[in-house]
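Hi,

Here is the structure I said I'd pass on. Have a look at it first, and then read my notes underneath.

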Amino acid sequence: MTETYRSRLLQREGAVEAGGVDAGVAAHYGAPTREARRLFQGEAIADLSHFDVLEITGADRQSWLNTLSTQQTTALKPGDSSQALLLSVQGRIEHEMKLLIDRERLLLIVEPGRGPALEEFLNSMRFMLRVEVNDLSATHGVLAATRRIPTAGDLVWTDPWPGVAEGGWAYSRADHPGAERPWLLHVVELDQLVEAAGEEQLAGMMSVEALRIAAWEPRFGAEIDEKTIPHELDWLRTSVHLDKGCYKGQETVARVHNIGHPPRRIVFLDLDGSMHTLPSPGAEIKLGERTVGRVTSAALHYEAGPIALGVVKRNVDPGEVLSVVDGDSVYPASQEVIVTPDAGQVAGRFTGFLRTPPAK
């Protein structure tokens, strides 16, 4: 998507444009908490038309992507949805992709502005294989909802979160709050965006983010930095197939999972609501006077009030009350464990973590 993109749905009454990575679509339409409730209940949809969309065609498309990514893609069938990562040699996350299998192509949904870099990398890895990569972001975008949008067509990616995909492993508890929020992304043509949205009520990105944070789901544009490995964000459950090899970074994935621990862990923070403000991404998370992490996302939830996701050092005691410091503002914050401090080091010991049976 280009930097100057502005959604036609910003013409809806009450629309206030978002900033930063979400510029070009609405932050809200006048009532963000009410919009979030409607979105959660399936009574509204969200405009994510600024997200980038790539297309991979050619006979080798699935086997080729299988050799590059963390996910097993060869057995996926038309209509299937999946999620995959591309890692550095050190196992750090470089790209996150939402995969939708169409009849003669693969569609990749990625964060706003990430399409060109991903297209360049994928084209550099084609060699002599029968694949072609095209960036469709100038002509295609996304509408989101917690159920199918009848007017938005049949290209629908269904979020696997928080399930444990085949070959995956969960570092968080079984009664996951994300199970309460199904999430569907509809790929639509931008010149048909208004028609695809129809007469649906709209919710802005503030609502989308509030529901995502409450579901403990990481976002590439928020929870990722230059050092992030999948284990830290609980992304082994949906984005990594532990029983496949042959991809860059697999040695780190296996080593940390089997004999090590992720150095950091994502955490849910229930913030003190008396401040009537939210901390900014990057605000320090402190235990006493010691900085132990940073806030990555924050939102006002229609029921829970101010909430946030952060990334903290692995050995921070889950029972401690933390504080979030953003300039002169200090927010007391209670932790809810997502990735447990003892996650990893599974070789030779029984764990209570979820995983799927190995592929046959």
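Below is what I found, starting with one strand and ending with a histidine in a loop.

This is a predicted model, so to speak of local features I needed pLDDT of at least 70, and side-chain atom pairs count only at pLDDT 80 or more, while totals for chains, interfaces and linings use all residues. Residues are numbered from 1 along each chain as its sequence is written, and side-chain values use heavy atoms, leaving out hydrogens and water.

Start with strand E9, residues 140-145 (helices, H or I with at least four residues, and strands, E with at least two, are DSSP runs numbered from the N terminus). Six of its six residues are buried (under 20% relative accessible area, 1.4 Å probe, protein chains only), so the rest of the structure largely encloses E9. In a regular strand, side chains alternate between the two faces of the sheet. Here both faces are covered: His140, Val142 and Ala144 are buried on one side, and Gly141, Leu143 and Ala145 on the other.

What does E9 pair with (pairing takes at least two DSSP bridges between two strands)? Strand E3 (residues 45-47) runs antiparallel to E9 and is joined to it by two bridges, with Ala46 partnering Ala144. Strand E11 (residues 184-189) is also antiparallel to E9, through six bridges, and there His186 stands opposite Leu143.

Now for the loop between helix H7 (236-239) and helix H8 (250-259), where you'll find His241. His241 has 3% relative accessibility, so it counts as buried. Its side chain reaches the backbone nitrogen of Asp243 at 3.2 Å and that of Lys244 at 3.4 Å.

Cheers

How values were computed: Buried means under 20% relative accessible area, exposed over 50%, partly exposed in between (1.4 Å probe, protein chains only). Two strands pair if DSSP finds at least two bridges between them. A polar contact is a pair of N or O atoms within 3.5 Å; within protein, one must be able to donate a hydrogen and the other to accept it, and residues adjacent in sequence count only if both atoms are side-chain atoms.
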